[in-house]
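Let's take a walk through this one together, starting with the whole chain and then stopping at a couple of residues. Have the structure open as you read.

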Amino acid sequence: MISVVDLDGNPDAGPGAGIIIATGSRFDTAHADHWLQRATFTLSEAEATDRRIITVGSVTEALADIADQCRRRPHAAAICDDVLRAVDPNAPARAGVITESLAYSVLQAGPEFAGWLAERGPATVPDTSEPVLIDRDGDTLLLRFNRPQRHNAFSNAMRAALLDGLAVAAADTAIDEVVLSGAGRSFCSGGDLAEFGGFTDVASAHLARTRHSPALALD
């Protein structure tokens, strides 16, 4: 169930249970602050620096798209809501990485993920001899994602290479800056979908994601 609360509307109006999406353009009232804290996330057509607010071209169209996705994947929608409510965006990264990975493991063992894998069919990941290019410019270490044919989608090989690069930065006290970039048109398009479902043991998959996490290494 999706409930929508208007940040610009009646302060006494409150949504019911389920996924709560706040919308509006006024963020400086007690009513707005209340729902910014409690909503799953907030949509606005106005630019905002608050990380809880997602700027979209059309709130109406975004809500319709979200409602359609929730109908198609109710388990994923509910668990995503749990993750967004559980994690403080201003807190250190560790809690967020662990929570997200546990949630993904739950979904990976469920029927929606199995259905998605069946729809996707077999997938192959193109090999890249150097998934991350490592260079040095004085005191700066340059790490460049190098899978432009996949918009630098994050693969297991890329994760291992990035961890190697970060280990160099951690060990060399002369390095005072690390610059991450991506070859081609994209910095990184997220996890490589071709590798999703590669682990059938969801507990091992969680341990692999969290014990070998570049995000935690950076944190």
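**A walk through the chain**

Let's begin with charge: the chain carries 18 positive and 30 negative charges, and the mean positions of the two sets are 5 Å apart. Keep in mind that what you're looking at is a predicted model.

Now for the overall build. The chain has 8 helices and 7 strands, and its C-alpha atoms fill a box of roughly 55 × 45 × 30 Å along the principal axes. Of the contacts between residues at least 6 apart in sequence, 53% join residues at least 24 apart. Of the 219 residues, 32% are buried. As for the outside, the accessible surface comes to about 12,700 Å², with 54% of that belonging to carbon and sulfur atoms.

Next, go to strand β3, which runs over residues 41–44 and holds T42. T42 has a relative accessibility of 0%, so it counts as buried, the cut-off being under 20%. What does T42 touch, leaving aside residues up to four places away in sequence? The list is L7, A22, T23, L36, R52, I53 and I54.

For a contrasting case, head over to helix α8, residues 214–218, where you'll find L218. L218 has a relative accessible area of 52%, and because exposed means over 50%, L218 counts as exposed. L218 also has partners at the surface: together with V178, L180 and F187, it makes a nonpolar patch of about 330 Å².

Methods:
Residues are numbered from 1 along each chain as its sequence is written. This is a predicted model: local features need pLDDT of at least 70, side-chain atom pairs count only at pLDDT 80 or more; totals for chains, interfaces and linings use all residues. Side-chain values use heavy atoms; hydrogens and water are left out. Patches are made of residues with over 30% relative accessible area and no salt bridge: like charges are joined within 9 Å, nonpolar side chains (Val, Leu, Ile, Met, Phe, Trp, Tyr) within 5 Å. Accessible areas come from the Shrake-Rupley method with a 1.4 Å probe; for residues, only the protein chains shown count as cover. A salt bridge is a side-chain nitrogen of Lys or Arg within 4 Å of a carboxyl oxygen of Asp or Glu. Helices (H or I, at least four residues) and strands (E, at least two) are DSSP runs, numbered from the N terminus. Buried means under 20% relative accessible area, exposed over 50%, partly exposed in between (1.4 Å probe, protein chains only). Contact means heavy atoms within 4.5 Å. Lys and Arg count as positive and Asp and Glu as negative; His and the chain ends are not counted. The place of a charge is taken as NZ of Lys, CZ of Arg, CG of Asp or CD of Glu.
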